[in-house]
Amino acid sequence: MPNATYTFPPDFKWGVATSSHQVEGNNENNQWAAWEQETGRIKQGHQAGRACDWWEHAEEDFDRAAALGLNSLRLSIEWSRVEPEPGKFDEDALERYREMLQGLLERGLEPMVTLHHFSNPLWLEKQGGWLNIGAIAYFDRYVERVVRALGEQTTLWCTINEPNVYAVMGYLQGLFPPGQQDFKAMRIVLRHLLRAHGVAYRTIHRLQPAARVGLAHNLHIFDPAKPGNLLDRLAAGGLDLSFNRSILNAVWKGWWTLPLGFGPAWSLHHTLDWIGLNYYTRALVSFDCGARDTLYGRLSHAPDAELLDGGYGELYPEGLERALLRMARLGIPIYITENGIPDSDDDQRPRALLLHLHRLWRVLQGNFPIQGYYHWTLVDNFEWADGWTQRFGLIGLDPETGERTPRPSADLYAAVAKGNAITPELLDAYAPELREVLLPQ
Ligand code: BGC
């Protein structure tokens, strides 16, 4: 049996990712805070509350990230804190973010800063949120202010997190605020978000020529349930086009593709210095004329699939390799800006983590420019409409007391990051099936 050690490139970024509303606590001025007040919106009536208390004590978790041997951390700026009222910026909030980024740098953690991760200031939501074309200019003004304030601490910017998930969950499936189920609205929101990305890309570069600006795309894999069935293939292809291809075509090729439209989007052409991949799972798709919300594709999972907690889908590490190879066609640097699984008792995560990292390693052997991997997430955080029922943390959190309990996965991730490799010992302990893979050393 080969003694396989899978080594990663010398300057590889090992990080964790999170977002403001999910960790900061006491964010009361965004649309999620309002949504959490409405009955039936969040599982078990949960609220973000104090969340992981980052607004007061993020540095304690930065210490934990540094102790794991990580060298990068992705977080987001809460627009509603920075601009609590239209045009009125809060210098203290900007100062707090400056302090946080400085805290990361002092611990050897390179910050990746996301400018929009699902949450909007209430004042914007009241004006129609991203359905309102004015949101693009508002976003640009906010971005300019943030880049001016934090440009000394970072050059690595992620404009918008998962425009596709934001639009689909809020405007097609109605599970995120504002809870609409309107295909036309979903298209408009998505177009506005992508246009805002393009505008922000230029603004950031104007202010900071050395900036590296990207967008985090959630690439969900859609495979036909029966590959031999033409209708299943068409349904899977339609979902892939809508959820994945139309977005990448817009921000890279500068071209609107159905369902977003058809024709040039020149202002978006090549507005990426890198692309972020958020990869979680895949779906099998069967044609179903009753499944309007999902473009006539009924979603399921493979009959023999290993399932994840709380109906999150199947464990499908191969999807990470497929998604990376697909994104590599853009020919620009790639960051895995999110990858992880919900697993409160950590009975799947250690193996899942190694299986995913092994897929990443395989792609790296093709010399594709993959710069880093950000695990979702460091400490259990507020999982949107699932509240506290889904636990993605390497470290467990009791949201009542704030007590943190590292899970075995935290040690495993630390060992990989510190050694910059997956060693035979780790494989023996967590994923023996990978030891048998015969690969060049
Ligand atoms: C989002 C995160 C979320 C994660 C896990 C991603 O789509 O960007 O905010 O917590 O999925 O569901």
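Helices here are DSSP runs of at least four residues, numbered from the N terminus. With that label scheme in hand, this predicted model can be walked through by its empty space, starting with the open pockets and then turning to the closed cavities.

The largest pocket holds about 1200 Å³ of space. Its lining runs to 48 residues, and those closest to the pocket centre are Val165, Met169, Gln173, His220 and Tyr312. Several elements chip in at least two lining residues each: helices H8 (163–171), H9 (183–207) and H10 (230–253), along with strands E11 (282–287) and E12 (297–300). Sorted by class, the lining of the largest pocket comes out as 24 nonpolar, 16 polar and eight charged residues.

Next comes the second largest pocket, at about 220 Å³. Here the elements giving two or more lining residues are H10 and helix H11 (318–328). H10 gives the most, with five residues. The full lining reads Arg245, Leu248, Asn249, Trp252, Lys253, Arg326, Met327, Arg329 and Leu330. By class, that makes four nonpolar, one polar and four charged residues. H10 thus turns up in the lining of the largest pocket and again in that of the second largest pocket.

As for closed space, a search of the whole structure turns up two cavities of 30 Å³ or more. The largest cavity has a volume of about 50 Å³. Around it sit Val16, Ala17, Thr18, Val23, Cys52, Trp54, Leu73, Arg74, Thr377, Leu378 and Val379. Strands E2 (13–17) and E3 (72–76) are the elements that provide two or more of these lining residues. The class split for the largest cavity is eight nonpolar, two polar and one charged.

The second largest cavity contains about 40 Å³ of space. Its lining is made up of Asn339, Gly340, Ile341, Arg349, Ala352, Leu353, His356, Tyr373 and His375. Two or more of those residues come from each of helix H12 (349–364) and strand E14 (370–375), and H12 gives the most, with four. In class terms, the second largest cavity has four nonpolar, four polar and one charged residue in its lining.

A quick look at the charged residues rounds things off. The lining of the largest pocket has eight of them, and that of the second largest pocket has four. The largest cavity has one charged residue in its lining, and so does the second largest cavity.

Methods:
Residues numbered from 1 in each chain as written. Predicted model: local features only at pLDDT ≥ 70, side-chain atom pairs only at ≥ 80, totals over all residues. Heavy atoms only, no water. 1 Å grid on protein atoms, 1.4 Å probe; cavity = no way out; pocket = protein on both sides within 12 Å on 5 of 7 lines; lining within 4 Å. Points joined across faces, edges and corners; volume = space filled by probe spheres on them. Nonpolar A, V, L, I, M, F, W, Y, C, P; charged D, E, K, R; others polar.
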